[in-house]
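I opened this entry to work through one model. My list: confidence, sheet, symmetry and charged pairs.

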2 protein chains.
Amino acid sequence: MGVNMSNKGLLIVLSGPSGVGKGTVKTEMVRQQAFPFEYSVSMTTRKPRQGEVDGKDYFFVDEERFKNAVANKELLEYNQYVGNYYGTPLAPVKEMLNMGKDVLLEIDVNGAKQVRSLMPDGVFIFLTPPDLHELKHRIVNRGTDSDKAIDLRMQQARQEILMMQDYDYAVVNDTVANAVDHIKAIVESEHVRIARVIDDYRNMVKED
Amino acid sequence: MGVNMSNKGLLIVLSGPSGVGKGTVKTEMVRQQAFPFEYSVSMTTRKPRQGEVDGKDYFFVDEERFKNAVANKELLEYNQYVGNYYGTPLAPVKEMLNMGKDVLLEIDVNGAKQVRSLMPDGVFIFLTPPDLHELKHRIVNRGTDSDKAIDLRMQQARQEILMMQDYDYAVVNDTVANAVDHIKAIVESEHVRIARVIDDYRNMVKED
């Protein structure tokens, strides 16, 4: 281990309500190489689609292997969608973090909750839909939307805000470029948080 | 009050050991207009120098007025240097924050401690000297510096690290440009911290 400040990478968890555009934001971060980060390859019981490569797009496994992985605590988080399991293998994430690499996980809110319990030091970013900001305004100006539609959105919004409170940051996905810029700033600042760097400083001046 | 996320400004406290270059970093932030922020005009008992304007460079007051300000808790922090008092008037800082403006204070470590006790929600940034990173390396390669010089620097470094632990971020002042970039990222990310924005979100969807 060197004495530099990047001994350990950051685990960056990008999550938010379904439909908010997590995937698009992640794709743009990869395209821009917004900052040097790794991302994990998920394990799934879903059948490979045309062109998908095992170990690159997913680790394709059968249900027995997946359930074993869960039982053996090999997964950082997992979920089931429409009959298939999806999960994040823990070992490669840990390995990348220990090598000083930041790791980005783009996962749903249930997954994020599981990650928080196993890796509370992660940086948890909640992507919020842009209309969450405008709800009150829309309420005040009723007539443009039906009362019922607004009430439904309000109910959903309350749910979203309940989820949000377990995160560290709320980033509005008004444009993908803005969201990516905010995430970059968050990562840069988290790298110099006292709690993350003070031990390195202490080690530097340790009497030995 | 609108429903936007910037109801209240951030108090950004830039501090660090003497000689680290706080003033230079602040001046560069003002020059670049790194982000929209205000800075406070200090009150002092020092005599105005040629060209200094009362109310712009400082509020120039006599010692009686200064001591009254202290007694009346009109100051966010104050200190004495070479026989003169210097302090930060509280009212204008509060006013700017309430108007949604970020306020930058560039003050010494004693001042920062006072501010922390009055405004714990501030963002406290500790500027570190670049050689703090290299100390261990220099120890390992003794010969380039005298043992005594290194021991002194180590002692001082331990002091600096003790101070650092009461701050939120440690920014290395290796180059002024790098330090300013980090401070910009910190401010941007602090604006979207859950603890700072969740009440606004809650208010947006409040049943009323």
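Is E63(B) buried, partly exposed or exposed? I looked it up: E63(B) has 39% relative accessibility, so I put it down as partly exposed. I keep in mind that this is a predicted model.

**Charged pairs**

I stayed with E63(B). Its side chain meets that of K67(B) in a salt bridge, 3.0 Å from N to O. The two sit four residues apart in helix 2 (residues 63–71) of chain B, so about one helical turn separates them. K67(B) is partly exposed too, with a relative accessible area of 44%.

Next I checked helix 7 (residues 176–190) of chain B. There K184(B) and D181(B) are three residues apart, again about one helical turn. Their side chains form a salt bridge at 3.9 Å, N to O. I noted that salt bridges count within 4 Å. K184(B) is partly exposed at 30%, and D181(B) is partly exposed at 38%. I also found a network: salt bridges with shared partners join E190(A), R196(A) and R193(B).

In chain A I picked R65(A) and E74(A), whose side chains meet in a salt bridge of 2.9 Å, N to O. R65(A) has a relative accessible area of 33% and is partly exposed. E74(A), at 29%, is partly exposed as well. Over all chains I have 20 salt bridges on record.

**Sheet in chain B**

I traced an open sheet of four strands in chain B, in the order 4-3-6-5, with mixed pairing. Its edges are strand 4 (58–60) and strand 5 (75–81) of chain B, each paired on one side only. From one strand to the next the twist averages 25 degrees. Strand 3 (residues 42–44) and strand 6 (residues 84–89) of chain B run antiparallel and are joined by two bridges. T44(B) stands opposite Y86(B). Helix 3 (residues 90–98) of chain B packs on the sheet and touches strand 5 and strand 6 of chain B. I noted an angle of about 25 degrees between the directions of helix 3 and strand 6 of chain B.

**Symmetry**

How is chain B superposed on chain A? A rotation of 180 degrees does it, with 0.0 Å of shift along the axis and an RMSD of 0.0 Å. That is the relation of a two-fold axis. In chain B, A185(B) has the C-alpha nearest the axis, 2.2 Å away. The same surface serves both copies: 100% of the contact residues of chain B recur in chain A.

**Confidence**

I closed with pLDDT. Chain A averages 88, and 89% of its residues reach 70 or more. Among its elements, helix 2 (residues 63–71) of chain A has the highest mean, 97, and helix 5 (residues 135–140) of chain A the lowest, 62.

Terms used
Residues numbered from 1 in each chain as written. Chains lettered and ligands numbered in written order. Predicted model: local features only at pLDDT ≥ 70, side-chain atom pairs only at ≥ 80, totals over all residues. Heavy atoms only, no water. pLDDT = per-residue confidence, 0-100. Pairing = 2+ DSSP bridges. Axes fitted to C-alpha atoms, helices over the stretch in contact; angles between N-to-C directions. Contact = heavy atoms within 4.5 Å. Least-squares fit on C-alpha atoms with pLDDT ≥ 70 in both. Buried < 20%, exposed > 50% of the residue type's maximum accessible area, 1.4 Å probe, protein only.
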